[in-house]
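Here is a short set of exercises to work through with the model open beside you. Try each task before reading its solution.

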Amino acid sequence: MNRIKTLTLAVVATALAASSLSAQAREFRLGLITPPQHLWSTEAEAFAETLAERSDGEHSVSVFPAQQLGNEAQMVQQLQTGALDMAFLTIAEISNRIPDFGALYAPYLVDDVDHAAALLRSDTAGELLELMPQGVGLVGMGYGMVGMRQVLSREPIESAEGLEGMRLRITPFEPIRDFYTATGAAPEPMPLLEVYDALANGQVDAIDMDFDSILILKFYEQAENLLISNHMMFPMVGVVSGRVWRELDESDRELIETTMSEHLENVLTGFQEMDAAQEEEIRQLDLNIVEADAEFFSEAIDEWEATWAEKAPMLEALREEAEQLRQ
């Protein structure tokens with residue numbers, strides 16, 4: 001079904017390309033926090049190339065990776081004013097403004113990257129995107145992701161109690177903060193590009209991270225203990241400024257939406273394809289590895305659920321969808 005959707009989007013985008021030539025040419029700017037070699041960044045560049053090609057050079061996109069335009073909170077503000085046109089954002093900053101998005105971070109909502117990708121492709125997850133124009137002034141084009149979350153630490157973590165008192169780097173948003181607070185850790189928000197030095201100088205004891213970033217940014221050089229827990233997925237959303245969207249004609253809207261959707265789908269499939277190889281590469285490193293499951297975090301999960309079941313009413317629908325996808 002997803003392949004059919006992707007092919008349909010491609011056909012629509014190609015058909016729209018000719019009609020878009022008569023629209024006003026635009027020079028768009030797209031911001032994101034990941035370094036240039038990260039899949040989000042490379043697919044943002046690929047999106048720029050595809051959009052330029054399909055508009056016959058009428059539209060261009062300049063991509064600004066690695067927080068060149070500021071952190072995500074700052075980029076959201078720029079998007080709201082129209083100073084920034086587009087972005088690939090973690091759901092973190094959106095969930096700070098629309099709590100229902102926090103449901104996507106429910107501990108053990110999904111089993112692995114394939115399950116996560118299937119849920120993000122679902123109509124139920126799509127309903128969350130419909131909350132964005134009114135809730136945050138952005139238009140959601142679709143989802144991407146990175147791999148599942150793990151815990152890399154300077155000292156071994158043999159049980160949930162081992163997290164107590166640890167200064168643990170997180171992405172700055174409430175659902176993950178609440179989860180680690182429930183474990184007894186001391187979550188510390190920190191930009192991705194500051195993490196390596198923070199581990200090296202002992203500013204943090206552990207980090208919440210995915211296999212891909214652990215490998216790309218070589219965090220394993222500064223922390224030799226890995227808790228493979230797969231406890232949360234970590235979605236991304238491609239967005240366009242609501243102010244910019246209102247200035248576009250219908251053909252340009254459809255061209256941008258279909259083109260960006262294709263490249264967001266590439267992000268999903270890319271992490272699905274990379275995950276097993278990256279886990280194997282991680283396991284070949286000289287790391288102390290401990291496996292964990294939902295039972296490992298049972299008390300923290302109960303506390304998280306007590307808070308977020310009320311905060312994020314969409315949690316129930318997402319859990320039902322996730323369960324159906326398991327069957």
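How many bridges join strand 6 to strand 8 (residues 206-209), and do these strands run parallel or antiparallel? Bear in mind throughout that this is a predicted model.

**Exercise 1. Work out the neighbours of strand 6.**

Solution, step by step:

- Begin with the question above: two bridges join strand 6 to strand 8, and the two strands run parallel.
- Check that this is enough for a pairing: at least two bridges are needed between two strands.
- Pick a contact to look at: Leu-168 has Ala-206 in strand 8 as its bridge partner.
- Now turn to strand 7 (residues 186-189), which is joined to strand 6 (residues 167-170) by four bridges, again in a parallel arrangement.
- Here Arg-169 lies opposite Glu-188 of strand 7.
- Finally, trace the connection: from strand 6 the chain passes through helix 8 (residues 174-183) to reach strand 7, giving a right-handed β-α-β crossover.

**Exercise 2. Find two salt bridges that lie within a single helix, and describe how exposed their residues are.**

Solution, step by step:

- The structure has 14 salt bridges in total.
- In one of them, Arg-97 pairs with Glu-93, with 3.0 Å between the closest N and O atoms.
- Both residues belong to helix 4 (residues 91-97), and because they are four residues apart, about one helical turn separates them.
- Next compare exposure, taking under 20% relative accessible area as buried. Glu-93, at 10%, is therefore buried, while Arg-97, at 31%, is partly exposed.
- Another bridge links Arg-283 to Glu-279, whose closest N and O atoms are 3.0 Å apart.
- This pair sits in helix 12 (residues 250-284), where a spacing of four residues again amounts to about one helical turn.
- Arg-283 has a relative accessible area of 32% and is partly exposed; Glu-279, at 21%, also counts as partly exposed.

**Exercise 3. Locate a salt bridge that links distant parts of the chain, and see what else it connects to.**

Solution, step by step:

- Look at Asp-111 and Arg-326, which form a salt bridge with their closest N and O atoms 3.0 Å apart.
- Place each partner: Asp-111 is in the loop between helix 4 and helix 5 (113-120), whereas Arg-326 is in helix 14 (residues 314-326), so the pair spans distant parts of the chain, 215 residues apart.
- Both residues are partly exposed, Asp-111 at 43% and Arg-326 at 34%.
- Lastly, bring in Glu-323: together with Asp-111 and Arg-326, Glu-323 belongs to a network of salt bridges.

Note on methods:
Residues are numbered from 1 along each chain as its sequence is written. This is a predicted model: local features need pLDDT of at least 70, side-chain atom pairs count only at pLDDT 80 or more; totals for chains, interfaces and linings use all residues. Side-chain values use heavy atoms; hydrogens and water are left out. A salt bridge is a side-chain nitrogen of Lys or Arg within 4 Å of a carboxyl oxygen of Asp or Glu. Buried means under 20% relative accessible area, exposed over 50%, partly exposed in between (1.4 Å probe, protein chains only). A crossover is right-handed if, with the strands pointing away from the viewer, the path from the first strand over the helix to the second runs clockwise.
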